[in-house]
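Colleague: I should like to learn how to read the features of a structure that is new to me. May we go through them one at a time?

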Amino acid sequence: MRCKSCLSKCRRCMVQVAIVVYIGLIIFALFNYRSHCIETMPNTLIEMSKLDNSGEGKCRLDFDTLGGAQVDIFGEPSEQSILEANPHVQKGGSWRPDDCKPWQRVAIIIPYRDRMHHLLILLRRLHPMLKLQKVDYRVFVVEQAGNDKFNRGKLMNVGFLEALRFGQFDCLVFQDVDLLPEDNRNLYMCDSYARHLASAIDEMRYHVMYYNYAGGVIAMNKHNFRKVNGYSNSYWGWGNEDDDFSARIMEAGLLLTRPPPHIGRFKMVRHTKATRSESGNELFLGWRERWRRDGLNDPVGMNYTVQTVREFPLYTSIMVDIGQPPPSMDVLMTDKSKDLSLWWFFKYYFP
Ligand code: UDP
Ligand code: BGC
Ligand code: MN
């Protein structure tokens with residue numbers, strides 16, 4: 001008798017625990033609802049405009065024939081061999097289709113220093129792919145002069161402003177020098193959000209490293225790049241500048257769109273990994289307080305001197321002196337009381 005009531009008590013207790021866990025999960029899911037990153041197929045980038053007949057006369061792309069490509073991350077291609085294989089490329093690393101109207105004018109911005117080997121491997125891959133995609137494009141290599149810490153974000157901002165001096169580009173693709181797209185269907189074009197093209201990198205076992213990851217290769221139209229105030233100029237050394245950029249995108253209410261992983265595949269040319277700058281995470285904790293003034297619109301942070309602009313056969317080179325990191329990073333830090341919490345930080349990387 002006693003044992004029977006004991007059993008039913010136990011059962012009731014288990015049901016109650018199950019209900020509490022279930023409600024807990026629902027509440028957790030509600031607060032962790034992730035919706036600002038979505039997958040979209042590349043063909044939507046050109047088919048959407050067709051709805052209003054603006055596609056007339058535009059270049060036709062047959063996605064079934066584009067497909068995957070053989071990507072070689074080894075070998076040392078010479079400039080001459082790339083030129084011979086790509087006779088379409090015009091001075092300054094540009095091209096535009098002449099038998100149809102291209103969908104977009106695209107500037108490829110590559111932040112660069114001392115990686116000629118990677119650059120040649122990338123150019124060997126990009127030029128034929130962009131022609132297949134019938135993009136009106138020009139490749140810009142934005143090189144940081146001197147030996148101070150590398151500042152990827154500031155170079156992107158400089159690349160944006162300097163590229164627009166060359167023409168009215170609709171779309172900017174911010175591209176690391178060592179990442180090679182493996183699929184010709186991964187259109188180097190913009191949508192009306194922010195498009196993270198490198199959605200599946202081999203180094204990350206062809207997965208997005210984390211939900212909010214926006215590094216590697218990202219395409220954005222000029223209106224949206226201005227809306228997020230470009231990249232922060234404050235990250236000197238490796239790490240976090242792409243996270244800061246991703247947070248701006250989210251804060252500005254833009255979606256981060258990605259091609260599905262079988263199309264967003266990239267190979268990274270192997271190189272030794274840098275270690276994170278010691279101020280990286282700390283700076284990132286203050287992004288929300290800083291982002292509206294630290295970026296494209298900051299006259300102090302955007303102080304730079306273009307040393308040379310040269311139109312080489314395969315790319316346009318912009319050599320730029322972007323100054324030095326401040327002697328103490330404290331001047332870049334915000335009022336600590338306004339920093340985001342560690343909980344926010346944790347949720348950003350592990351949503
Ligand atoms: N970069 C460069 N020279 C450097 C450091 C970085 O050209 O000394 C550029 C290059 O475009 C590179 C990007 O910045 O792909 C990101 O740096 P890195 O490849 O070291 O970072 P990862 O994403 O591989 O950790
Ligand atoms: C860094 C990013 C980097 C990513 C992938 C993150 O921890 O903050 O800057 O792109 O790792 O390597
Ligand atoms: Mn790399």
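**Reading the ligand sites**

Modeller: Let us begin with a single contact: a polar backbone atom of Val-177 lies 2.9 Å from an oxygen atom of ligand 1. Please bear in mind throughout that this is a predicted model.

Colleague: Which other atoms of the protein lie 2.9 Å from ligand 1?

Modeller: A polar contact is read as a pair of N or O atoms within 3.5 Å. In this case, a nitrogen atom of ligand 1 is 2.9 Å from a backbone N or O atom of Arg-113. In addition, an oxygen atom of ligand 1 is 2.9 Å from a polar atom in the side chain of Trp-238. On its own, ligand 1 has 510 Å² of accessible area, of which the protein covers 85%.

Colleague: Which residues surround ligand 1, and how does its shell divide by class?

Modeller: A shell is read first by its members and then by their classes. Around ligand 1 are Pro-111, Tyr-112, Arg-113, Arg-115, Phe-150, Asp-176, Val-177, Asp-178, Trp-238, Met-268, His-271 and Lys-273. By class, six residues of this shell are nonpolar, one is polar and five are charged.

Colleague: Where does ligand 1 sit, and where does ligand 2 sit?

Modeller: Ligand 1 sits in the largest pocket, and ligand 2 sits in the largest pocket as well. The residues surrounding ligand 2 include Trp-238, a residue that is also found around ligand 1. Among the others around ligand 2 are Met-209, Tyr-210, Tyr-213, Arg-276 and Tyr-349. The shell of ligand 2 consists of five nonpolar, two polar and three charged residues.

Colleague: Which residues place a polar atom within 3.5 Å of an oxygen atom of ligand 2?

Modeller: Here one notes whether the protein atom belongs to the backbone or to a side chain. Asn-240 has a polar backbone atom 2.9 Å from an oxygen atom of ligand 2. Asp-242 has a polar side-chain atom 2.5 Å from an oxygen atom of ligand 2, and for an N or O atom in the side chain of Asp-243 the distance is 2.6 Å. Of the 310 Å² of accessible area that ligand 2 has on its own, the protein covers 85%.

Colleague: How many aromatic pairs are there, and why is the pair of Phe-140 and Phe-169 called edge-to-face?

Modeller: Ring pairs are read from the distance between centres and the angle between planes. The count here is 23 aromatic pairs. Phe-140 and Phe-169 are edge-to-face because their ring planes stand at 90°, with the ring centres 5.8 Å apart. This pair links distant parts of the chain, 29 residues apart: Phe-140 belongs to strand S4 (residues 136-144), while Phe-169 lies in the loop between helix H6 (152-163) and strand S5 (171-175).

Conventions:
Residues are numbered from 1 along each chain as its sequence is written. Chains are lettered from A and ligands numbered from 1 in the order in which they are written. This is a predicted model: local features need pLDDT of at least 70, side-chain atom pairs count only at pLDDT 80 or more; totals for chains, interfaces and linings use all residues. Side-chain values use heavy atoms; hydrogens and water are left out. A residue is near a molecule or strand if one of its heavy atoms lies within 4 Å of it. A polar contact is a pair of N or O atoms within 3.5 Å; within protein, one must be able to donate a hydrogen and the other to accept it, and residues adjacent in sequence count only if both atoms are side-chain atoms. Accessible areas come from the Shrake-Rupley method with a 1.4 Å probe; for residues, only the protein chains shown count as cover. On a 1 Å grid over the protein atoms alone, a cavity is a set of points where a 1.4 Å probe fits but cannot get out, and a pocket is an open set with protein on both sides within 12 Å along at least five of seven lines; lining residues have an atom within 4 Å of a point. A molecule sits in a cavity or pocket if more than half of its atoms lie within 2 Å of its grid points. Ala, Val, Leu, Ile, Met, Phe, Trp, Tyr, Cys and Pro count as nonpolar, Asp, Glu, Lys and Arg as charged, and the others, Gly among them, as polar. Rings of Phe, Tyr and Trp (its six-membered ring) pair if their centres lie within 6.5 Å; planes under 30 degrees apart count as stacked, over 60 as edge-to-face and the rest as tilted. Helices (H or I, at least four residues) and strands (E, at least two) are DSSP runs, numbered from the N terminus.
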